[in-house]
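The following note concerns the cysteines and the pocket of the model shown below.

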Amino acid sequence: MFAISLGDDGAVLCPLEPWQAEELLAHIDRGREFIGQYNGLPEVLGDLDACRAFLRTYAEKVASDTGHLYGIRTDGTLVGAVFFRTMDIAQGTAEVGCWLEPAAAGKGLVTRAVRVLIDWAVEVRGIHRVEWWAAAENLPSIAVARRLGMTRDGVARQSYPYRDKRHDMEIWSVLAPEWRAQRSADR
């Protein structure tokens, strides 16, 4: 399996595949409440069979070129993930997302990992628009969108029903020309 370095701290990005369901479940269990603050995934990934099914879904998305899922590892341990929830090559659009367990938060891992994904999507797959959706209360997620140089497009008011409440979702995006200009300025 390949791994892409995320920097000098040894963190790496690598595919998550169906055979890694036990590891995914252990990771989700370590961060279930933290991850579940704004993300319903821990409620879906409650057991090994659910984790296998989730990973198979993403394997099928990879095969059909409609999504991708990558784990973030530190010291060989799965601590989070970034993914293209959706990817439409013909339309040139993709939605990127993430989650982390608490021990990995605040280290810039998601920002670094998503940069890798956006670079690949824009430069290799020809994606023109990458979106980031975040609950309006999820300030760390919104901070990632800002660090990535995304623009806040708007708010889908009360569009996400979760834990007996309807949440506003902020939509952020970056366009390929903006991404390229930003990356050139960073170099």
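Which cysteine sulfur is the closest to the sulfur of C51? The points below begin with this matter.

1. The closest cysteine sulfur to that of C51 belongs to C14, at 16 Å, which is too far for a bond. C51 is buried (under 20% relative accessible area with a 1.4 Å probe, protein chains only), its relative accessibility being 0%.

2. For C14, the closest cysteine sulfur is that of C98, and here too a bond is ruled out because the separation is 16 Å. C14 is buried as well, at 2% relative accessible area. With a disulfide taken as a pair of cysteine sulfur atoms within 2.5 Å, the count is 0.

3. The model is predicted, with local features requiring pLDDT of at least 70 and side-chain atom pairs pLDDT 80 or more, while totals for chains, interfaces and linings use all residues. Numbering starts from 1 along each chain as its sequence is written, and side-chain values rest on heavy atoms, without hydrogens or water.

4. The largest pocket (an open set of 1 Å grid points, over the protein atoms alone, where a 1.4 Å probe fits, with protein on both sides within 12 Å along at least five of seven lines) has a volume of about 1000 Å³. Its lining, meaning residues with an atom within 4 Å of a point, comprises 38 residues; nearest the centre lie N39, C98, W99, N138 and S141.

5. Elements giving two or more residues to this lining include α1 (21-35), α3 (48-64) and β7 (151-162). The most comes from β5, with 6 residues. By class, the lining residues are 24 nonpolar, 10 polar and 4 charged.

Note on methods:
Buried means under 20% relative accessible area, exposed over 50%, partly exposed in between (1.4 Å probe, protein chains only). Grid points are joined across faces, edges and corners, and a volume is the space filled by probe spheres set on the points. Helices (H or I, at least four residues) and strands (E, at least two) are DSSP runs, numbered from the N terminus. Ala, Val, Leu, Ile, Met, Phe, Trp, Tyr, Cys and Pro count as nonpolar, Asp, Glu, Lys and Arg as charged, and the others, Gly among them, as polar.
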